[in-house]
Number of protein chains: 2
Amino acid sequence: MEIRRENISSWLMNLQDTICAALETADGQSKFIEENWTREEGGGGRTRVIKEGAVLEKGGVNYSSVFGEAPEFLFREKEHGVGGQKTNQHKPRFYATGVSIVIHPNNPFVPIIHMNVRYFEMDTGERWLGGGIDLSPHYIFEEDARFFHQSLKEVCDRHHREYYSKFKDWADEYFFIPHRKETRGIGGIFFDRLGKKAEMTFEKNLSFWKDVGLAFAPIYTELIRRNKNRPFSKENKHWQLLRRGRYAEFNLVYDKGTKFGLETNGRVESILMSLPKTAGWEYNFVPKKNSPEEATQNLLRKGISWA
Amino acid sequence: MEIRRENISSWLMNLQDTICAALETADGQSKFIEENWTREEGGGGRTRVIKEGAVLEKGGVNYSSVFGEAPEFLFREKEHGVGGQKTNQHKPRFYATGVSIVIHPNNPFVPIIHMNVRYFEMDTGERWLGGGIDLSPHYIFEEDARFFHQSLKEVCDRHHREYYSKFKDWADEYFFIPHRKETRGIGGIFFDRLGKKAEMTFEKNLSFWKDVGLAFAPIYTELIRRNKNRPFSKENKHWQLLRRGRYAEFNLVYDKGTKFGLETNGRVESILMSLPKTAGWEYNFVPKKNSPEEATQNLLRKGISWA
C-alpha cells in the first residue's frame, strides 16, 4: 500500500477539525479563530487560536505543511543522520506536515497541555513520523497524572509493547529544563524518526501515530471536566504565573519545534502561540514548606512511574 | 604598567557599589538584597537584586568572577578565534569577571535598561574587554533617545573617534530579534574582544571601558527623573507587558551572556534576574493606527541616528 503525503496531510486537517470542535465544546464560551498563511519558500498553514474562553485562556491548534530546500541543521545534527553530508551538487528538499497544540487554561488547577504529530519526508526517499503528548500541571494531582499516563500507555500498548516505556523515558529526557534541573511537567510520551529504522513497518507506525493524535481530545477534555470548577486563590494564580515562566523558558531555550519553526522561516505568530498570555519570574522564589506548590515542585523530575 | 585581574575585579566591585547606591537613591523606597554564591568549577559572584521599589519593579546589579577550564564553545565559535584548536594535551583555562545590570521599572514610561562590562583572560596570555549599554523603552521619546545616545557618544568620543559609530552599529546588530524583525529597543553601544587586536593599547581601552561602566548611573537616573511621575493607563501597562515579552524572547533565544552563563554552569537565578516580573504574549497583536504604541513599534529598527 502506497501512503502518499497528501493522505497524511488531509488526515491531519481532519484531526485539527475534530480537536477544535472538542475543545470548543469543553470550553462552552469561546470559538477558535482561523488564519491561513503561506510560506515564501513553500507551503503554509492553517492556524487556529482561541482566547478568553471560559476554560481556555489562550491556545492554538495549528496545522502546517511546509516544503522546500532542507535547512542546514537537518544535516548538521548527527543524531538525525539524514542523507549524509550536504554537497554543492544536490541541495536536498524536505516536506513536513503536522498538527501542534498548546493550551493555557485560566484555572491554575487545569493543566497546560501540548501535543504534536508530525510527518517528515526527504527527497532522498526517507520519511519518518514524530510526535508526542505531554502535560504540565501547575499543580500535580496524582489521580490525574495516573489517568494521563495510563491513557497514553493504553494507546502505546495497542501497537507495540515497548513503545510506552521507551517514549515515556524519551519525554522525560526531552521535556527537561537543564538549567532548572527540573522537568517541564509530568512528561508523557515523545518520539521522533519513527519509521526510519523501523522495528515495525511504516504503515503500522502510522497507525500508532494516528492513535496518538486521536487520544488528545478525550484525555484533555476529561482533565478539564475534572478541574475546571475548582476554586482558586491569588496565591494559586501567582504560582501559575511562575510555572508559565518556566514553560516559556523551555520553549524559547530548548524546544526543537520552536527552533525548527524559527530556522525554517515559519510563521512566528503560529510558532509562538505556545507562549502563555502572561508569565512571571521572581528572583530566587522558593515554595513554602509543605505547601501544594512545594509538593508539585518535588514531582518535577524524571523517572516517576505514573502508569 | 602591569594590569592584573585582581585590580580589574576590585574596580568592578566598587562599580557595583556605586551603581547600587545611585539606584537606591533614585528609587527612594527599596534596597538591594545581596547574595554571595560560589561556582563549583571555580569562582563565584555577588548578586544584588532589588524588587518592589517605588520606581524599580525588579532588577539586578550583579558582579561575578569565574574561572576554570574554558567551555568548549569559546573554541568552537570562529569569530572568537581564541587559542586555535583544543587539543588533548592542554585544556585551556579562562578567567572572566564582570558586572551585569538589567532594570525593569514599574512605570511603562521609564525604560528598561541593560549594562554589562566584562573582562576575559585566557591562560594562553590573551585578554580582552567587552561590554555595552542599551536601552529598551516601552515608549520611545525622541528627546530621551537623543539624550541617551548623545551621552554614550560623548563617552566614546573621549577615547576614540570611531568607537561610537562602530559600537552603535554593533549594538543595532546585536540587540536584534531576527524572528520579529525588530530591535529590542533603541540600542546603544556594544563591543567585544576589545584589546585583542588593539587599535589602541590595552590600557587605553581599559580606560574607555571603565568610562562606560561609570556612565550608567548618571544616564539612567536622569531617565528615571524625567519619566517616573508620568501618569499611565491600563493600556500602557498592557503594552509594557507585551514589550517585556519581547525582552524575554531576546534574552532566552539570542543573548550570548545568558548562553555563556547557562553553559558555564553559572548561577541560574543570577543569570535570569534579567527576566521581568511579568511578561505577556498575545496572538498577532497589532498596535492601533496612529497610537504611541505604533510609533514606538515603527522605531524598533536598525540604523536610526539618535546622536
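Which residue of β10(B) is the bridge partner of T278(A)? In this predicted model, the partner is G280(B). This bridge belongs to a pairing between two strands, β10(A) and β10(B), the latter made of residues 278-280 of chain B. The two strands run in the antiparallel sense and are joined over three bridges.

**How the two chains are related**

A turn of 180°, with a shift of 0.0 Å along the axis, lays chain A on chain B with an RMSD of 0.0 Å. The two copies are therefore related as by a two-fold rotation axis. Both copies use the same surface: of the contact residues of chain A, 100% recur in chain B.

**The side of chain A that touches chain B**

The contact between the chains involves 24 residues of chain A and 24 residues of chain B. On the side of chain A that touches chain B, four elements each supply at least two residues. They are listed here with their residue ranges.

| Element of chain A | Residues |
|---|---|
| β2 | 43-51 |
| α6 | 234-253 |
| α8 | 268-271 |
| β10 | 278-280 |

Which element gives the largest share of this side? The answer is α6(A), with five residues. By type, the residues on this side of chain A are 14 nonpolar, four polar and six charged.

**Chain A as a whole**

Chain A contains nine helices and ten strands. Along the principal axes, its C-alpha atoms fill a box of roughly 60 × 40 × 40 Å. A compact globule of 307 residues would have a radius of gyration near 19 Å, and chain A agrees with this because its own value is 19 Å.

Of the 307 residues in chain A, 44% are buried. Contacts in chain A can also be sorted by distance along the sequence. Among those with a separation of 6 or more, 70% are between residues 24 or more positions apart.

**The largest nonpolar core**

The largest nonpolar core has 146 residues. Which of them touch the most other members? They are I189(A) and I189(B).

The surroundings of I189(B) can be listed once residues up to four places away in sequence are left out. I189(B) then touches G132(B) and I133(B), followed further along the chain by L152(B) and C156(B). Its other contacts in this list are Y164(B), F167(B), K168(B) and A171(B).

Technical notes. Residues numbered from 1 in each chain as written. Chains lettered and ligands numbered in written order. Predicted model: local features only at pLDDT ≥ 70, side-chain atom pairs only at ≥ 80, totals over all residues. Least-squares fit on C-alpha atoms with pLDDT ≥ 70 in both. Contact = placed C-beta atoms within 7 Å. Rg over C-alpha atoms; globule rule 2.2 N^0.38 Å. Buried ≥ 20, exposed ≤ 12 C-beta atoms within 10 Å, placed from the backbone. Core = buried A, V, L, I, M, F, W, Y, C linked by C-beta atoms within 7 Å. Nonpolar A, V, L, I, M, F, W, Y, C, P; charged D, E, K, R; others polar. Pairing = 2+ DSSP bridges.
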